Protein chains: 2
Amino acid sequence: MASKTIENYLKQIYLARQESRGKFIPMGRLANLMEVTPGTATTMVKALADAHLVGYEPRRGVKLSRAGEHLALHVLRRHRLVELLLVRVLKLDWSQVHEEAEEIEHAISERVLEAIDRLLGRPVADPHGDPIPTAGGKVHPQRFTSLATCPLDRPVRIVRILDQEPNFLRFVDQCGLTPQAIVRVQQRDPLADAVRLRIATDKSARCRILSGGVAARFLVRDP
Amino acid sequence: MASKTIENYLKQIYLARQESRGKFIPMGRLANLMEVTPGTATTMVKALADAHLVGYEPRRGVKLSRAGEHLALHVLRRHRLVELLLVRVLKLDWSQVHEEAEEIEHAISERVLEAIDRLLGRPVADPHGDPIPTAGGKVHPQRFTSLATCPLDRPVRIVRILDQEPNFLRFVDQCGLTPQAIVRVQQRDPLADAVRLRIATDKSARCRILSGGVAARFLVRDP
DNA sequence: CTTCCAATTTTGACTAATCAAAGTATACTG
DNA sequence: CAGTATACTTTGATTAGTCAAAATTGGAAG
């Protein structure tokens, strides 16, 4: 069985590849994500390569092998199903479940995972809208725009938030910018790097201003 | 924070003291319970003693300190609440939850624990009837007889089973000797080491014969 | 009182994961 | 193209937990 540490390295490599579409993840980036020194990351990645979980090219970086990706998706499946259990069944706060799930994801067996999946009715997304890989390791491909790029003056539905930071999520919660919320982008000012939007469900008709970077963390689709 | 290993040592020392009422647990016994070599147990116990979690006297054995017992009870609380969650909410089989909880007990935070406790309605016992320590570390003292010692020909209620072995629990399940079942001991034969009993809820009026040792693993009280 | 045995402790070594710091390569800058 | 900054790798050391095997001891049996 893969150790907790190995599972975390593979998960981070997988997640890093999502954003920067390049094949190889540079060591420095991985070391950062894992919060270890660069030397530690190099050592560990070489061990992962020996176990055929990743491909490693010195000074270029690391990428998942078939087997590594499979394992990473499995970890992600556990993580996201646990998050949903914590929110839906144990009524934990949306903003906190990510950190809780970080630990629990390494402790649950296939049996428990299946029981959670069944109880929750085979869900396809976690509380942040992140897709839950199937038991077979498939991820439903999402191709959403974001609040930084969607058309103006048209209502859109928030479907996913690309940030797990509790403080940020608490802010998101207070604004009402949670998944399923319907919002309309009224204006974008590229020079000021500002996005002005209105939340449909918010009767007070107040506007919100977000920076472009923050707006890009909200994925949306037609309602 | 105490590591998983430390938590397990403390838990085993606590559980061992329950049975053999002597103050000190001999090293050999602990090494057995932890499935490590005696040398490993000695090394580890000396480290625990340095952390003031146990008292250690060479060649006599080990016992929990106040702090160690507190931690052990906390682990046990997590273990038993998780077991109950797995049975009641996730509908897992009674006979399997012990091994599942062995892992999960080290992964859940105070917050999650509290949420489980609330969801389950502050339960006082897990699916095997083992008492759940309170958040403050109190255990409701149980003083039950067992099927090996209770009065004959009087109905009694099974309240606890002192064995977590899946095969044994499956057998218990099939017999209907689960917690809450009402049974009557009809006869004891000390020489044959046999206990004959009838299960009240079993319409077929069939009898069961258990050895004295097995009978002693079923704690009972007046219905 | 000696002998011996079984339970313990000690010793030396190993694995996984980590860090600090020194060394090396790549790429940028003039 | 040389010089340097940055990113990466190597090296040597550390900690937690473990084992195998040798050394010790405390008490039971003669």
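I took contact to mean heavy atoms within 4.5 Å. The model I opened is a predicted one.

**Entry 1: chain A against chain B**

How many residues of chain B are in contact with chain A? I found 17 residues of chain B in contact with 17 residues of chain A. I then looked up the area buried between the two chains, which is about 1600 Å². Carbon and sulfur atoms give 65% of that area.

Next I went through the polar side of this interface. The count between chain B and chain A is 2 salt bridges. One of them joins A:Arg111 to B:Glu100, with the closest N and O atoms 3.1 Å apart. I also noted 6 residue pairs in polar contact across the interface, both residues of each pair being at pLDDT 80 or more.

Which helices of chain B supply the side that touches chain A? I listed α4 (66-88), α5 (97-104) and α6 (110-119) of chain B, each of which supplies at least two residues. The largest share, 5 residues, comes from α6(B). Sorted by class, this side of chain B has 12 nonpolar, 2 polar and 3 charged residues.

**Entry 2: helix α4 of chain A**

I checked the length of α4 in chain A, residues 66-88. The helix has 23 residues and should span 33 Å at 1.5 Å a residue, because the expected span is counted over one less than the number of residues. I found its end C-alpha atoms 33 Å apart, which agrees.

I then looked at the start of α4(A). A side-chain oxygen of A:Ser65 reaches to within 3.3 Å of the backbone nitrogen of A:Ala67 there.

**Entry 3: DNA strand C**

Which residues come nearest to DNA strand C? Of the 20 residues around the strand, I noted A:Ser3, A:Thr40, B:Thr42, B:Lys46 and B:Tyr56 as the nearest. Of the atoms of DNA strand C that come within 4 Å of the protein, sugar and phosphate account for 77%.

I looked up three distances to phosphate oxygens of DNA strand C. An N or O atom in the side chain of B:Lys46 is 2.3 Å from one. For the side chain of A:Ser3, I read 2.5 Å from an N or O atom to a phosphate oxygen. At A:Thr37 a backbone N or O atom is involved, 3.0 Å from a phosphate oxygen.

Both chains contribute helices to the surface near DNA strand C: α1 (4-19) and α3 (38-50) of chain A, and α2 (27-34) and α3 (38-50) of chain B, each supply at least two residues. The largest share, 4 residues, comes from α3(B). By class I recorded 8 nonpolar, 8 polar and 4 charged residues on this surface.

Technical notes: Residues numbered from 1 in each chain as written. Chains lettered and ligands numbered in written order. Predicted model: local features only at pLDDT ≥ 70, side-chain atom pairs only at ≥ 80, totals over all residues. Heavy atoms only, no water. Polar contact = N/O pair within 3.5 Å; in protein donor to acceptor, adjacent residues only side chain to side chain. Near = heavy atom within 4 Å. Nonpolar A, V, L, I, M, F, W, Y, C, P; charged D, E, K, R; others polar. Buried area = accessible area lost by both parts, 1.4 Å probe. Salt bridge = Lys/Arg side-chain N within 4 Å of Asp/Glu carboxyl O.
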